[in-house]
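Subject: Structure for your files

Hello,

Here is the structure you were waiting for, with my notes underneath. Please read the notes with the model open.

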Amino acid sequence: MPSKVSAFVSAGAAYDPGPGNPWFSWDYLRQNYGTLLAALREHLLLTLVAVAVAALLAIPLAVLAHRFGRLTGTILGVTGVLYTIPSLALFAFLAPFTGIQPVTVLIGLVLYALITIIRNTLTGLRQVPAEVVESARGMGYGRAALLWRIELPLALPGIMTGLRIATVSTVALVTVGELVGYGGLGDLIIGGFNANFYRAQVMAATLACVGLALVLDLALILVGRAVMPWTRRRTA
Amino acid sequence: MTIIHDAILWLNDPLNWTNPNGIIARTEEHLWISGAAVGLACAVSWPVGVWMGHVGRGGPAVVAMTNLSRAVPTVALLTILPLTVIGFGPPAIILALALFAIPPLLANAYLGVREVDPQVRDAGRGMGLSGWQLLRSVELPLAVPYLANGLRIAAVQVLATATLAAYVNGGGLGMIISRGFGLGLNAGGGQVLAGGLLVALLCLLADGLLVLVERAALPKALRRTDHRPPRSAADPITPTP
């Protein structure tokens, strides 16, 4: 699978559209919906696992960074450098060691999602009003109770924003995993390009990808409303 | 670790630098494609963003655009544009990269003008400045830190994204990585690692340089009051694609 970037493309030579290569074709969808669904499933699975693992790591890290101010600089610095490194380069670093496997893609996706969730969770935690924390302390809340029952619930808007941005960008980023053969719908996008510029496939996979991102985003908005009933009143 | 050894060997071969498709040629290609994309994006987004900030309209549109652009995979746009009338070659790549650079530039230009202290704006109006004069001599200078911040974010993002042009054989440093993968990991692992290293270094270097540019672009009068944008309007918490 790795030798995909082998389309012979000459610069400047415009591809003749022709009637035989439409952007959208029902025939393509009818004949290939199995392939499309399989790619969609792989895409969804990679996204969900990556975001879930990232959230499990990022939220405790953000809490640590919030509690110990000195760690904040380090964590933000390291994630900032990571964030500047292009995804293709990251996969290039990982692939020689982890091989041509889904794990390679997952590690990359988790690292990028991690950054997003940490930063947003930290922003959320910082936005908890000092008076609220103060009065909770005055009422006798211990450290754990303060975190669990006051700070984290009040930081939920930030956490949810982080999860939403991380999810949407992860869906888009999965396509880059095509390099190691596990790019979900990205395999179909690049595959369609390399298979004689098959427009119907490129377009169908792209639309499925954007659609998946929007559906997941909407789902997270609904989850956010369910777990933060107090924000509903403000927007209504 | 033989792969690390292979990578060092690959980097140490002068031919890998000077070949027609060597590191030097690929870096030049990478830089000019990225430069053109950022230039194009600036030419479009700055006037529009500044104008929208000046009249105070279009904020929700900017936010919606930023969110939507996150959902569109760069790979998809890089694949689709060459198949349209634009045709294969650098123009399609440049256009695809420019489209992704527009949201951070636009959002920062908008926010930069929008965030000007209303009292300062009122003072300008009270002095009899027309809308155009107000924009030119009050709002624009005060928006410079935001414009510079947007430029840095967009430029680093484009440099990073330009590596993905390799998926459609579009040139740039990403080609070194994809060619390495083409050889298989046993033979090309060193090249893959070396290519990744080069791209990462280029992006980190560009980021560092642009931080300096950002500082230099800060108008003198603003330097002492620490009047810097706290956070980019474009939400820098999105990973580089």
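Which side chain does A:Arg30 meet in a salt bridge? The partner is A:Asp27, with 2.5 Å from N to O. Why are these two residues placed to pair up along the chain? They sit three residues apart in helix α1 of chain A, so about one helical turn separates A:Arg30 from A:Asp27. Over all chains, a search of the whole structure gives six salt bridges. Please keep in mind that this is a predicted model, and that the values here are computed from it.

The chains

Chain A has nine helices and zero strands. Its pattern, read along the sequence, is therefore α-α-α-α-α-α-α-α-α. The C-alpha atoms of chain A fill a box of roughly 75 × 45 × 30 Å along the principal axes. Chain B has 11 helices, again with zero strands, and its sequence reads as α-α-α-α-α-α-α-α-α-α-α. The C-alpha trace of chain B spans about 70 × 45 × 30 Å along its principal axes.

The interface

How many residues does each chain bring to the contact? Chain A gives 54 residues and chain B gives 51 residues. Between them the two chains bury about 4,700 Å², and 77% of that is on carbon and sulfur atoms. Zero salt bridges are found across the interface of chain A and chain B. As for polar contacts, two residue pairs are counted between the chains, both at pLDDT 80 or more.

On the side of chain A that touches chain B, the elements giving two or more residues are α2 (69-84), α3 (87-98), α4 (102-126), α6 (143-174), α7 (185-194) and α8 (199-227). Sorted by class, that side of chain A holds 39 nonpolar, 12 polar and three charged residues.

The surface patch

What makes up the nonpolar surface patch of about 630 Å²? The residues are A:Leu45, A:Val49, A:Val53, A:Leu57, A:Leu61, A:Leu64, A:Phe68 and A:Leu71. Helix α1 (residues 26-67) of chain A supplies the largest share of this patch, with six residues. A:Leu45 is in helix α1 of chain A, the helix that also holds A:Arg30 and A:Asp27.

To go through it on screen, I would start with the salt bridge between A:Arg30 and A:Asp27, go on to the patch residues, including A:Leu45 and A:Leu71, and end at the contact of chain A with chain B.

Regards

Note on methods. Residues are numbered from 1 along each chain as its sequence is written. Chains are lettered from A and ligands numbered from 1 in the order in which they are written. Side-chain values use heavy atoms; hydrogens and water are left out. Contact means heavy atoms within 4.5 Å. Buried area is the accessible area (1.4 Å probe) that two parts lose on being put together, summed over both. A salt bridge is a side-chain nitrogen of Lys or Arg within 4 Å of a carboxyl oxygen of Asp or Glu. A polar contact is a pair of N or O atoms within 3.5 Å; within protein, one must be able to donate a hydrogen and the other to accept it, and residues adjacent in sequence count only if both atoms are side-chain atoms. Helices (H or I, at least four residues) and strands (E, at least two) are DSSP runs, numbered from the N terminus. Ala, Val, Leu, Ile, Met, Phe, Trp, Tyr, Cys and Pro count as nonpolar, Asp, Glu, Lys and Arg as charged, and the others, Gly among them, as polar. Patches are made of residues with over 30% relative accessible area and no salt bridge: like charges are joined within 9 Å, nonpolar side chains (Val, Leu, Ile, Met, Phe, Trp, Tyr) within 5 Å. Accessible areas come from the Shrake-Rupley method with a 1.4 Å probe; for residues, only the protein chains shown count as cover.
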